[in-house]
Amino acid sequence: MLEDELKPACQTTESATPVLSIEKVETKQVVTTEYANKQINQWTSEDVVSWCHTHHLSAFRQLLEHYDGASLLRLYHISKTNDEKDTFRLLQDDSQRLAGNG
C-alpha cells in the first residue's frame, strides 16, 4: 500500500517518452485569529485576510490581501474623508496595479 503511494509520478511508456501525471492539489488558506491580539496598525497582510474571513467579508478578502493593518487604517481614513466613488476608484486602481493591468 505505502509502496504504491510512494511510486514516482513520472512513468515511461513503451516508446520511452516520459509521462508526467499531474494531480490538482487543493490548498487551504490558514485562517488564524492572531490579529485579535495586536493593534490594527501592527497587522500583517495575513492578519487582514484572516479578519476578512472571520467577519464573512469574502468579497473584500481578495481585494485587501495586499494590505497590512497600517494600509487598512489609511483606507479607512480615506473612506471617511472622501466620497464613496473616490474610495472605490482608489481600490480599483490598487487592484489593477497589483494585477499588472495598470
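A nonpolar core is a set of buried Ala, Val, Leu, Ile, Met, Phe, Trp, Tyr and Cys residues joined through side-chain atoms within 4.5 Å. The exercises below concern a predicted model.

**Exercise 1. Describe the overall layout of the chain.**

Solution.
Step 1. List the elements: the chain contains five helices and two strands.
Step 2. Place them in sequence order, which gives the pattern α-β-β-α-α-α-α.
Step 3. Consider burial: 15% of the 102 residues count as buried.
Step 4. Consider the surface: the accessible area of the chain is about 8700 Å², and carbon and sulfur atoms hold 52% of that area.

**Exercise 2. Determine which residues make up the largest nonpolar core, and which elements give two or more residues to this core.**

Solution.
Step 1. The core has nine residues in all: Tyr35, Trp43, Val48, Cys52, Leu64, Tyr67, Leu72, Leu75 and Leu91.
Step 2. The elements that contribute two or more of these residues are α2 and α4.
Step 3. Take Leu72 as one of the core residues. With neighbours within four places in sequence set aside, Leu72 contacts Trp43, Val48, Leu64 and Tyr67.

**Exercise 3. Examine helix α2 and state which of its residues are buried.**

Solution.
Step 1. Helix α2 spans residues 45-54, and its buried residues are Asp47, Val48, Val49, Ser50 and Cys52.
Step 2. The cover over these buried residues includes α3 (58-61) and α4.
Step 3. After α2 comes His56, with a positive phi near 55°.

**Exercise 4. Explain why Asp47 is classed as buried, and identify its surroundings.**

Solution.
Step 1. Asp47 lies in helix α2.
Step 2. The cut-off for a buried residue is a relative accessible area under 20%. Asp47 is classed as buried because its relative accessible area is 3%.
Step 3. A polar atom of the Asp47 side chain lies 2.9 Å from the backbone nitrogen of Thr44.
Step 4. Not counting residues up to four places away in sequence, Asp47 touches Glu34, Tyr35, Lys38 and Gln42.

**Exercise 5. Characterise the packing of helices α4 and α5.**

Solution.
Step 1. Two packed helices are described by the angle between their axes and the distance between the axes.
Step 2. For α4 (residues 69-81) and α5 (residues 84-99), the angle is about 150° and the axes are 8 Å apart.
Step 3. The residues that meet are Leu75, Ile78 and Ser79 from α4, and Thr87, Leu90 and Leu91 from α5.
Step 4. Sorted by class, this contact has four nonpolar residues, two polar residues and no charged residues.

Note on methods:
Residues are numbered from 1 along each chain as its sequence is written. This is a predicted model: local features need pLDDT of at least 70, side-chain atom pairs count only at pLDDT 80 or more; totals for chains, interfaces and linings use all residues. Side-chain values use heavy atoms; hydrogens and water are left out. Axes are lines fitted to C-alpha atoms, for helices over the stretch in contact, and angles run from 0 to 180 degrees between N-to-C directions. Helices (H or I, at least four residues) and strands (E, at least two) are DSSP runs, numbered from the N terminus. Contact means heavy atoms within 4.5 Å. Ala, Val, Leu, Ile, Met, Phe, Trp, Tyr, Cys and Pro count as nonpolar, Asp, Glu, Lys and Arg as charged, and the others, Gly among them, as polar. Buried means under 20% relative accessible area, exposed over 50%, partly exposed in between (1.4 Å probe, protein chains only). Accessible areas come from the Shrake-Rupley method with a 1.4 Å probe; for residues, only the protein chains shown count as cover. A polar contact is a pair of N or O atoms within 3.5 Å; within protein, one must be able to donate a hydrogen and the other to accept it, and residues adjacent in sequence count only if both atoms are side-chain atoms.
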